[in-house]
Amino acid sequence: MTKQIVFSGIQPTGDIHIGNYLGALRNWVRLQDEYETIYCVVDLHALTIPQDPAAFEKDRLEAAKMVIAAGVDPTTSLFYYQSQVPQHTELSWILGTLTQLGSLNRMTQFKDKSDRVGANLGLYAYPVLMAADILIHHAHKVPVGEDQTQHLELARDLAERFNRRYGDEFPVPEGIIPEHGARIMSLQDPTSKMSKSDPNQGSRILLLDEPDVVRKKIGRAVTDSGTGIEYDWEKKPGITNLLEILSLFQDTAVETLVAEHHDKQYGEFKQLVAEAVVDGLAPIRSAYNTLEDEDVSRLMNKGALDARTSAEKYQVGVRQKVGLTGH
Ligand code: TYM
């Protein structure tokens with residue numbers, strides 16, 4: 001039986017944090033055994049907010065290295081920079097012609113980002129390019145964190161619209177959103193998600209943070225009033241977020257952890273969480289440090305070639321369906 005196709009992407013903006021890892025990246029790694037996996041550093045998406053060109057070059061490479069260090073094997077998965085595969089933008093244009101403005105107006109990420117950096121057309125069309133990323137490879141499954149649900153709905157909707165108007169072309173993709181870890185919260189405000197764009201560095205733990213930095217950030221994490229280690233997003237969002245993080249890094253069910261640590265003081269519990277995170281990140285940091293920039297660039301170029309070949313196959317089908325074959 002042919003394997004189903006998994007596609008996902010990550011933006012090379014700012015540093016990759018444990019939210020990205022627990023919500024998405026570590027699932028990317030796990031899915032490599034069971035699916036045909038295709039992953040992408042979505043550099044064109046990142047241009048929707050202003051970037052310094054020289055810094056951006058570095059950020060792209062760093063993001064590629066982080067994904068590999070986290071366990072994506074570029075000899076198993078197709079892995080490349082989005083901008084190197086022009087079929088994404090062509091399909092994005094075609095899908096744009098099927099997109100209702102109303103659905104883009106409802107996108108909460110557009111509202112958040114345009115409040116911060118000002119609206120531009122790229123930011124507005126961001127979800128359409130994301131749909132094209134997924135559909136150009138005929139992906140069936142898309143492992144992402146919870147914040148991508150609305151974008152994913154649009155991708156599904158566009159697949160259905162295209163199929164209805166032009167005839168069956170795209171599978172309707174489904175999200176793989178983990179039950180735990182899909183929304184890791186800020187360490188400084190456990191009612192908002194951990195985010196690359198939060199100006200407060202203490203709000204997030206980066207995959208490359210040194211052990212002492214991890215300990216300090218978790219030590220200073222905002223906790224809740226009262227005592228006791230309980231899993232309750234309403235009453236104890238700070239401790240619940242830390243429980244979630246501990247559970248994922250230790251591969252232990254939350255209930256087991258609650259039973260074990262229920263009576264601990266917050267300070268003692270935080271130390272435990274910090275050590276689990278330090279241990280969990282150690283292999284990623286050491287893998288990152290062994291990667292040579294030139295080797296990674298070479299792998300990314302090879303990935304782009306292979307991805308173009310894969311995307312061209314479907315590009316022809318789409319062009320035929322919409323009447324763009326040139327004869
Ligand atoms: P990006 O770069 O913002 O985030 C990468 C992945 O990390 C997840 N994530 C989180 N998960 C749990 N807790 C958090 N606090 C948290 N913050 C981020 C995101 O859900 C994402 O899975 N639009 C996408 C990139 C993209 C894409 C695609 C994804 C472009 N094209 C096609 C899938 C398929 C994004 O902004 O990711």
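Ala, Val, Leu, Ile, Met, Phe, Trp, Tyr, Cys and Pro are counted here as nonpolar, Asp, Glu, Lys and Arg as charged, and the others, Gly among them, as polar. On this basis, the lining of the second largest pocket in the predicted model divides into ten nonpolar and seven polar residues, with no charged residue. This pocket has a volume of about 420 Å³ and is lined by 17 residues, of which S92, W93, L121, A125 and V128 lie nearest its centre. At least two residues of the lining are supplied by each of α4, α5 (101-105) and α7, and the largest share, seven residues, comes from α7.

The largest pocket has a volume of about 1100 Å³. Its lining comprises 41 residues, and those closest to the centre of the pocket are Q11, Q109, D147, Q148 and K193. By class, the lining of the largest pocket has 15 nonpolar, 17 polar and nine charged residues; charged residues are thus present in this lining, whereas the lining of the second largest pocket has none. Both strands and helices contribute to the largest pocket, with β1 (5-10), α1 (18-31), α6, α7 and β4 (141-143) each supplying at least two residues of its lining.

Turning to enclosed spaces, the count comes to two cavities of 30 Å³ or more. The largest cavity, with a volume of about 50 Å³, is lined by M107, Q109, F110, K113, L123, Y126, P127 and H151. Within this lining, α6 (108-117) and α7 (121-135) each provide at least two residues, and the division by class is five nonpolar, two polar and one charged. Q109 belongs to the lining of this cavity and is also among the residues closest to the centre of the largest pocket.

The second largest cavity has a volume of about 30 Å³, and its lining consists of Q87, E90, L91, I94, I136, Q315 and V318. Two or more of these residues are given by each of α4 (87-96) and α13 (293-322), with α4 giving the most, namely four residues. The class composition of this lining is four nonpolar, two polar and one charged. Helix α4 therefore recurs in the description, as a element that gives residues to the lining of the second largest cavity and, under the assignment of helices as DSSP runs, supplies at least two residues of the lining of the second largest pocket. Helix α7, for its part, supplies at least two residues to the lining of the largest cavity, of the largest pocket and of the second largest pocket.

Note on methods. Residues are numbered from 1 along each chain as its sequence is written. This is a predicted model: local features need pLDDT of at least 70, side-chain atom pairs count only at pLDDT 80 or more; totals for chains, interfaces and linings use all residues. Side-chain values use heavy atoms; hydrogens and water are left out. On a 1 Å grid over the protein atoms alone, a cavity is a set of points where a 1.4 Å probe fits but cannot get out, and a pocket is an open set with protein on both sides within 12 Å along at least five of seven lines; lining residues have an atom within 4 Å of a point. Grid points are joined across faces, edges and corners, and a volume is the space filled by probe spheres set on the points.
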